[in-house]
Amino acid sequence: MASFIKPIETTNYKCLIQLTNYTGEGAYIVVSLLNNQEEYIKTLYIQGDDKEWYRDVEQWWKQLYGIKRPEIDAIVGETITGGQRKMTVLEVPIDKIDKDFKIRFESAVEDQKYYKDDVLFDLTSENLKSKIEGTGYIRYVRLLPQ
């Protein structure tokens, strides 16, 4: 007897990440889907391709990657430095939108401060069409439906 697992439907959002004008190395940024208790569900994107520095993104490392070491299914891109911007695409599960989930952007720069909630917002239809200010290395993120 065969069983079928229905794939999770996703929708794509263009995501512009604009960094502040800080000095130092490139920023490692992890974008994660969280439940309403801020527990990790899925990694949506990683900016930074040297796994040696992933532990600097402390909360994500502690709750997900450092413990379980899953295969990362997010797109991994090179770091960018102060003042630069990066355009990427986030694959967002449709069944999580407007259902009490959150998206978190964590950021870290080598030998500098770590920001657990550089950007943290409720996963709502409205926020997925918005510009959201950061609190650390991220000046803002802008999301646009594709």
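Which residues have the most contacts inside the largest nonpolar core? They are Ile17, Leu90 and Phe105, in a core of 28 residues.

## Before you start

This is a predicted model, in which local features need pLDDT of at least 70 and side-chain atom pairs count only at pLDDT 80 or more, while totals for chains, interfaces and linings use all residues. Residues are numbered from 1 along each chain as its sequence is written, and side-chain values use heavy atoms, with hydrogens and water left out.

## Overall layout

Let's start with the fold. The protein has one helix and nine strands, where helices (H or I, at least four residues) and strands (E, at least two) are DSSP runs numbered from the N terminus. Their order from the N terminus is β-β-β-α-β-β-β-β-β-β.

Of the 146 residues, 42% are buried; buried means under 20% relative accessible area, exposed over 50% and partly exposed in between, with a 1.4 Å probe and protein chains only. Taking contacts with a separation of 6 or more, 65% are between residues 24 or more positions apart (contact means heavy atoms within 4.5 Å). The accessible surface is about 8200 Å², and carbon and sulfur atoms hold 45% of that; these areas come from the Shrake-Rupley method with a 1.4 Å probe, and for residues only the protein chains shown count as cover.

## The nonpolar cores

A nonpolar core here is a set of buried Ala, Val, Leu, Ile, Met, Phe, Trp, Tyr and Cys residues joined through side-chain atoms within 4.5 Å. The largest one, with its 28 residues, draws at least two residues from each of β1, β2, β3 (40-47), β5 (85-93), β6, β7 and β9. There is also a second, separate core of ten residues, including Val30, Ile46, Trp60 and Tyr114.

## A cluster of tyrosines

Rings of Phe, Tyr and Trp (its six-membered ring) pair if their centres lie within 6.5 Å; planes under 30 degrees apart count as stacked, over 60 as edge-to-face and the rest as tilted. By this rule there are three aromatic pairs. In one of them, Tyr22 and Tyr137 meet edge-to-face, 4.9 Å centre to centre with 65 degrees between the planes. This pair links distant parts of the chain, 115 residues apart: Tyr22 lies in the loop between β1 (10-19) and β2 (27-34), and Tyr137 in the loop between β8 (131-133) and β9 (138-145).

Both Tyr22 and Tyr137 are buried. Tyr115 and Tyr137 also form an edge-to-face pair, because their ring centres are 5.1 Å apart and their planes stand at 85 degrees. Here Tyr115 comes from strand β7 (residues 114-122), 22 residues from Tyr137. Ring pairs thus link Tyr22, Tyr115 and Tyr137 into a cluster.

## The β6-β7 hairpin

Strand β6 (residues 102-109) pairs with β7 in the antiparallel sense over six bridges; two strands pair if DSSP finds at least two bridges between them. Ala108 has Tyr114 of β7 as its bridge partner. Four residues lie between the strands of this hairpin, and Asp111 takes a positive phi near 60 degrees.

## Around Gln59

Where does Gln59 sit? Gln59 is part of helix α1 (residues 58-68). Is Gln59 buried or exposed? Gln59 counts as buried because its relative accessible area is 14%.

Apart from neighbours within four places in sequence, Gln59 is in contact with Tyr40, Arg104, Glu106, Tyr114 and Lys116. Tyr40 is 19 residues from Gln59 in sequence, with 9.6 Å from C-alpha to C-alpha.
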